[in-house]
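Biologist: I would like a close look at one part of this chain, with the salt bridges as the subject. Please set that part in the context of the whole fold.

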Amino acid sequence: MADIYRRMTSLSSNARATATRAADNPLLERLARVGFLGYGLVHLLVAWLALQIAFGKSAGAGDQGGALYTLAGKPYGRFLVIAISVCLAAMAIWQALEAAVGNRSDTGRERTMERLASAGRAVVYAYFAWTAAKVVTDAKSSSADQQQTTTTKLMDSTGGRWLIALAGIALAAVGIGLIVYGVIKRFEKHLKVGQMDARTRKVSRALGVTGYSAKGTAYAIAGVLLVSAAITYDPSKARGLDGALRTLSEQPYGTILLTIVALGIGAFALVCVVQARYRKV
């Protein structure tokens, strides 16, 4: 029994060492940094689509999938979408490794929370990498359409509606978490602030607070809409970020509100540029 335990311990140590070497790979770091630029570009396009919705000029989906389709339609756009997909996949691998063996500067509960956050980010980056790959292969339906279709199928059962409601609550919680993350400036923990001059740090702080708050607001609204879809049996409300932006536009002073959110998402795009340079990878 002791021999089996020693072997398992040895295998575990070897696996951690292999994962650590992979996480410290210079190529993976470069791809992750370029990935932040691609991630920022996607959010900049989402901000532009949100402005189009605000002023009644958009017929397409105002989400990340819609942004990628917009980019793919431009000259050299498909090449850029392929590059974004590859780099986002690298970011997903990086965060998965961070979840497995990273965040070594933290201990105890703090490290556990950081590793869980890394696991969540790995899923997000992998999803966007997959979305970008689908755009390249000409899958026509947007992520908003797919979410609505999935919700419609789940509506056929009570269990499905509960699942939709729980997903909505989780998404709303993520949105609130992003707002808090921005307001308390938690993002600075992951930046090399010591390498910034005073002005750069001030600008990056303002962008971070604004960007994370705006993105969190949009996600929180999307989560509330999912819960509402489950309660009212209305799958048309379950359109993710696109639905959240369109719902904002339909409110009193909706154009102003959505314009503010769009500018905030644009600020998040600039946060990604800052992370490409200063993120601790």
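Modeller: What follows goes from the overall fold to the salt bridges around one loop, and then to the surface and the core beside it.

The model is predicted. The protein chain has ten helices and zero strands. Of its 281 residues, 46% count as buried. Among contacts with a separation of 6 or more, 74% are between residues 24 or more positions apart.

The count of salt bridges comes to seven. One of them joins the side chains of E110 and R186, at 2.3 Å from N to O. E110 belongs to helix 5 and R186 to the loop between helix 7 and helix 8, so this pair ties together parts 76 residues apart in sequence. Both ends are partly exposed: E110 has a relative accessible area of 30%, and R186 has 29%.

A salt bridge also connects K189 and E114, with 3.3 Å from N to O. Here K189 is in the loop between helix 7 and helix 8 while E114 is in helix 5, so parts 75 residues apart in sequence are tied together. K189 is partly exposed at 27% relative accessible area, whereas E114 is buried at 5%. E110, E114, R186 and K189 are linked in a network of salt bridges.

The loop holds a further partner, E188, whose side chain meets that of R205 in a salt bridge of 3.1 Å, N to O. This pair links E188 in the loop between helix 7 and helix 8 with R205 in helix 8, 17 residues away. E188 is buried, with a relative accessible area of 12%, and R205 is partly exposed at 30%.

On the surface, I176, V180, V183 and I184 form a nonpolar patch with about 360 Å² of accessible area together. V183 is placed in helix 7, which covers residues 158-183, and is partly exposed at 45% relative accessibility.

As for the interior, the largest nonpolar core has 51 residues, and Y39, V81, L88, M91, Y125, Y212 and L258 have the most contacts inside it. Helix 5 (108-136), helix 7 and helix 8 (198-232) are among the elements that give two or more residues to this core. Its largest share, twelve residues, comes from helix 2. Y125 touches F36, Y39, L88, M91, A92 and Q95, leaving aside residues up to four places away in sequence.

The count of disulfides is zero. Two cysteines are nevertheless worth listing: C87 is buried at 8% relative accessible area, and C272 is buried at 0%.

How values were computed. Residues numbered from 1 in each chain as written. Predicted model: local features only at pLDDT ≥ 70, side-chain atom pairs only at ≥ 80, totals over all residues. Heavy atoms only, no water. Patch = residues over 30% accessible without salt bridge, like charges linked within 9 Å, V, L, I, M, F, W, Y side chains within 5 Å. Areas by Shrake-Rupley, 256 points an atom, 1.4 Å probe, with all protein chains shown as cover. Salt bridge = Lys/Arg side-chain N within 4 Å of Asp/Glu carboxyl O. Helix = DSSP H or I, 4+ residues; strand = E, 2+ residues; numbered from the N terminus. Buried < 20%, exposed > 50% of the residue type's maximum accessible area, 1.4 Å probe, protein only. Core = buried A, V, L, I, M, F, W, Y, C linked by side-chain atoms within 4.5 Å. Contact = heavy atoms within 4.5 Å. Disulfide = S-S within 2.5 Å.
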